[in-house]
Amino acid sequence: MKTYQRIPGDESFRDSISTVDQQGRRNFLFPKKPKGKLYNKRTIASIIYLVVFFSMPFIKVEGEPLFLFNVIERKFIFFGQIFWPQDFFIFAIGFLTFIVFVILFTVVFGRVFCGWACPQTVFMEMVFRKIEYWLDGDSSAQKRLHEMPWNGFKIRKRAVKITVFYALSFLIGNFALSYIIGMDNVLLMIHDGVGAHPVTFSALIGFTTVFFFVFYWFREQACLVVCPYGRLQGVLLDRKSMVVAYDYVRGEPRGKVQKGTAAEDLGDCIDCAACVRVCPTGIDIRNGTQLECTNCTACIDACDAIMVSLQRMEGLIRIDSEENIARGQKKLWNSRTKGYTALLGVLIGVLVTLLVTRTDVDATVLRTPGQIFQTQPDGRLSNIYTIKFANKTRKDLPMTLKLENMSGEIQVVGNALVAPRESYAQSPFFVKLKRKQIERRKTPIVIGVYQGKKRIKTVETTFFGPGY
Ligand code: SF4
Ligand code: SF4
């Protein structure tokens, strides 16, 4: 097996990042426009992603959005299902499941989410960066524009870019807002004008400005210094994790064939730096897995193009594990990968089961405070209770109550018992029992709460009697 010797002195990547210079100032990156099979696949994936992002706020289920995260009114809708504060435990379990899922997924499959599905990366690399290439040209043209003194040409270029970026950020801000307050409210706000909704409009301008700042200036720094998931990579990845990796066994010693050097003395890496030039976070993947790598796969495409032009095998940079590369093996599935993937399947199953078995109506029965028993004109004894409903559906639901463990009458006070749509309600009711059924001061009773013929809840409580 070939051994890899790092070139002495080439260690600066360990204690510095390429986006900050020696004086601590921001080093702007001008990555070369990627092209290749994986970039094409990312483009297709991001088109689907964007279509979903921009169309979902318009999709409705029974008059409500498909997704809503209204933290202000504590109303959450997932796949058309309304979730209430009572469903908090599903959120808690769902959130824990999600965290475990993310950890296991990252341990096995690395940061594929970052490069392919994270909204920051999708909008930055597949929307704003593409527009930037279109407006300002490829890497070298952008660098020239950046370095040139301010003149009419540069002012015009910058003005166009700022206008386009801000307009796009405003559009994204509107859609982001629609996931919080609903598209109907956003359209209403547009219809009524800014003056009618100053608070919402201020929030919208806030969103827009943050998006603009991130996509125009902050860029890869969001992944490097803000994103907690990115910061966790150091503890989540290990030698078996599948990541974008350079095959140093095959590639080293790197170098161009020169006079006096035999081609067979060198590895496959010709040290052309094409992989570095396309990297949106400015790293050299040949230094190994680094915190900055978002697994965007642009370097794979760049290196494959070089390998094809040299008539060498593709995949000098590829998605692989450090262990596979070191051992020269091509094992995609090891026992840990299989085990973790099975566990991920189980976690998803748990979450789906929780969602599917969630009830539409929650009911609680409480004894009315300060009341004991009353004697009815017919000699029966009665206790008064209150039933509280939380109807999570979009329909008014007629409800009925039944005594489950003994005969007796339940009489609802007022009109028929109805749980009104998407709201809380409460209603008092009497339980009437014959005197002979009461053998002690507190008789256990069981009340069934029915929605139509379906019993949605069984409540155990007590019936106060005089005591014998
Ligand atoms: S090293 Fe490669 S995969 Fe990682 S961020 Fe740079 S270009 Fe993307
Ligand atoms: S693109 Fe490939 S050949 Fe060129 S420097 Fe990077 S790893 Fe080496």
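## A ligand shell, a surface patch and a sheet

Around ligand 2 you'll find Y246, C269, I270, D271, C272, A273, A274, C275, R286, C303, M307 and I317. Two elements give two or more residues to this shell: α13 (274–277) and α14 (298–309). By type, the shell splits into 10 nonpolar residues, two charged ones and no polar ones. Keep in mind that this is a predicted model.

Now for the surface. F89, I93, L343, V346 and V350 make up a nonpolar patch there, and together they have about 410 Å² of accessible area. Helices α2 (88–109) and α16 (335–356) each put in at least two of the patch residues. The largest share belongs to α16, with three residues. One residue to pick out is V350, which sits in helix α16. Why does V350 count as partly exposed? Its relative accessibility is 37%, so V350 falls in between the buried limit, under 20%, and the exposed one, over 50%.

Next comes a sheet. Four strands form an open sheet in the order β13-β11-β15-β16, and the pairing is antiparallel. At the edges are β13 and β16 (454–464), each of which pairs on one side only. Here is how the strands are joined, pair by pair.

| Strand pair | Bridges | Direction |
|---|---|---|
| β11 and β13 (418–419) | two bridges | antiparallel |
| β11 and β15 (442–451) | five bridges | antiparallel |
| β15 and β16 | 10 bridges | antiparallel |

You can also look at single residues across these pairs. P398 stands opposite V418 in β13. For L401, the bridge partner in β15 is V449. Over in β16, E460 is the bridge partner of V446.

Strand β11 (residues 397–403) is worth a stroll along its length. Which of its side chains are buried, and which are not? The side chains alternate: L397, M399, L401 and L403 point to one face and are buried. P398, T400 and K402 point to the other face and are not buried. So put the two views of β11 together: L401, with its partner V449 in β15, is one of the buried residues, while P398, opposite V418 in β13, is one of those that are not buried.

How values were computed:
Residues numbered from 1 in each chain as written. Chains lettered and ligands numbered in written order. Predicted model: local features only at pLDDT ≥ 70, side-chain atom pairs only at ≥ 80, totals over all residues. Heavy atoms only, no water. Near = heavy atom within 4 Å. Nonpolar A, V, L, I, M, F, W, Y, C, P; charged D, E, K, R; others polar. Patch = residues over 30% accessible without salt bridge, like charges linked within 9 Å, V, L, I, M, F, W, Y side chains within 5 Å. Areas by Shrake-Rupley, 256 points an atom, 1.4 Å probe, with all protein chains shown as cover. Salt bridge = Lys/Arg side-chain N within 4 Å of Asp/Glu carboxyl O. Buried < 20%, exposed > 50% of the residue type's maximum accessible area, 1.4 Å probe, protein only. Pairing = 2+ DSSP bridges.
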